[in-house]
Each structure stands twice: as structure tokens, then as C-alpha cells.
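With the model open in your viewer, please set the display to a plain cartoon and keep the sequence panel beside it. The tour below moves from one selection to the next and says what is to be found at each stop.

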Amino acid sequence: MNISLTNELENFVRAQVASGQYSSASEVIREALREHIRSVRQREFEQRLELSRKAWSAGDAIKADEAYFDGKIERLRSQHGL
């Protein structure tokens, strides 16, 4: 895969390699992509958490406590004759 970078980004990558923190430009790019993926996943998690909080506040959520799971287990056992 080949990618094009702006001069600013290319200079940054070169500086990171020159600093000795990374051994190659590819390593800098891989780390940047891993960080971007973490950031995206964190935002997605925070969005799901906020939706859950709103649902809970509106009374549209079910509390998944021990009683909830005990009921689930019983229903599964009944359905499967266990």
C-alpha cells in the first residue's frame, strides 16, 4: 500500500524516526493508526454509554442484576428442558 502525505505530515514522520523513538516511517504510521482506532472505539463506547444513561433515566432500561440473570437462566432451562 502506498500513501501520500502532506509535507507537514511527512516532516513529522521523519522527525519521529530521527528522534530514535521509532525505527521506521512505517512504525510511526502503524502507531498513529493504532491510536486513531483506539480513539474511534473510545468515542463509540462513550456514545453507547450516553445512550444507555439516557435510556436508564427515561425508564427504558432493564437493570441487569443478579435477579435478572437468574430469571434468564431459569427461562433458558425451561425452554431446553434442563
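Begin by selecting residues 66–79, which form helix H3; in this predicted model, the helix has 14 residues and reaches 20 Å from its first C-alpha to its last, close to the 20 Å expected at 1.5 Å a residue. Keep H3 selected and pick out Glu66, which is found in this helix. Is its side chain to be counted as buried or exposed? Glu66 has a relative accessibility of 63%, and because exposed means over 50%, Glu66 counts as exposed. If you then draw a distance from the C-alpha of Glu66 to that of Ile3, you will span 51 Å in space between two residues that lie 63 apart in sequence. Going on past the end of H3, stop at Gly81, which follows the helix and has a positive phi, near 60°.

Next, select residues 25–57, which make up helix H2. The 33 residues of H2 should span 48 Å at 1.5 Å a residue, and since its end C-alpha atoms are 48 Å apart, the helix agrees with that expectation. Just after H2 comes Gly59, where phi is again worth displaying, as it takes a positive value of about 80°.

Now colour the model by pLDDT and select residues 7–18, helix H1, which has the highest mean pLDDT among the elements of the protein, at 98, whereas H3 has the lowest, at 93. Over the whole protein the mean pLDDT is 94, and 100% of the residues reach 70 or more.

Finally, clear the selection and look at the whole chain. How many helices and strands does the protein have? Its secondary structure comes to 3 helices and 0 strands, in the pattern α-α-α when read along the sequence. The radius of gyration is 24 Å, well over the 12 Å that the globule rule gives for 82 residues, so the protein is more spread out than a compact globule. A box drawn along the principal axes to hold the C-alpha atoms would be roughly 65 × 35 × 25 Å.

With a surface switched on, the accessible area comes to about 7,400 Å², of which 53% belongs to carbon and sulfur atoms, and 5% of the 82 residues count as buried. As a last selection, take the charged side chains, of which 13 are positive and 13 negative, with the centres of the two sets lying 3 Å apart.

Note on methods: Residues numbered from 1 in each chain as written. Heavy atoms only, no water. Helix = DSSP H or I, 4+ residues; strand = E, 2+ residues; numbered from the N terminus. Rg over C-alpha atoms; globule rule 2.2 N^0.38 Å. Buried < 20%, exposed > 50% of the residue type's maximum accessible area, 1.4 Å probe, protein only. Areas by Shrake-Rupley, 256 points an atom, 1.4 Å probe, with all protein chains shown as cover. Lys, Arg positive; Asp, Glu negative; His and termini not counted. Charge placed at Lys NZ, Arg CZ, Asp CG, Glu CD. Expected span 1.5 Å × (residues − 1). pLDDT = per-residue confidence, 0-100.
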